[in-house]
Amino acid sequence: MSTYHFVAASERFLTEEEPLEEVLRERVRNYGEKGKEIDFWLVRRPAFLEAPELTTVAAAVPRPAAAVISSDEKFITFLKLRLECVVTGQFEAPTATIPD
């Protein structure tokens, strides 16, 4: 089982109103230079927000939602500070309610 950290917000906010694409593109470039494997994903309408263990967090996220998920907690903290109007959380996967 792995721990994943995330920032979530409305899909429109993350994909249209914020310069998220630029941030992610820079991160991909940086990882490429360092030979590091990509450990983050932009997910539109993330199913994990429907898991019972994330009910409280999910209630604060406008729908349709989008999320950036990563195994790197520091990157998610950076995104939270950069984007401001997002909800953060974490989950374990795979589980009975959140597949891998």
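Contact, as the word is used on this tour, means heavy atoms within 4.5 Å. The model is predicted, so that local features need pLDDT of at least 70 and side-chain atom pairs count only at pLDDT 80 or more, while totals for chains, interfaces and linings use all residues. Residues are numbered from 1 along each chain as its sequence is written, and side-chain values use heavy atoms, with hydrogens and water left out.

**The whole chain**

Begin with the full protein in cartoon view, where the secondary structure comes to four helices and four strands (DSSP runs numbered from the N terminus, helices being H or I of at least four residues and strands E of at least two). Followed from the N terminus, the elements run β-α-α-β-α-β-α-β. The C-alpha trace spans about 40 × 30 × 20 Å along its principal axes. Of the 100 residues, 41% count as buried (under 20% relative accessible area, with exposed meaning over 50% and partly exposed in between, for a 1.4 Å probe and protein chains only). Among contacts between residues at least 6 apart in sequence, 75% join residues at least 24 apart.

**Select H5**

Next select H5, which is found in strand 1, residues 2-10. At 9% relative accessibility, H5 counts as buried. Showing its surroundings, and setting aside residues up to four places away in sequence, you will find that H5 touches V68, I69, S70, S71, D72, E73, I76, G89 and Q90. With side chains displayed, look for the polar contact of 3.3 Å that joins those of H5 and Q90 (a pair of N or O atoms within 3.5 Å, where within protein one must be able to donate a hydrogen and the other to accept it, and residues adjacent in sequence count only if both atoms are side-chain atoms).

**Move to G89**

From H5, step to one of the residues it touches, G89, whose place is in strand 4, residues 87-93. Again leaving out residues up to four places away in sequence, G89 touches Y4, H5 and F6. If you then add F40 to the selection, a C-alpha to C-alpha distance of 14 Å appears between G89 and F40, which are 49 residues apart in sequence.

**Finish at E33**

Finally, select E33 in helix 2, residues 20-34. Is E33 buried or exposed? With a relative accessible area of 57%, E33 is exposed. Adding L49, which is 16 residues from E33 along the chain, shows their C-alpha atoms separated by 33 Å.
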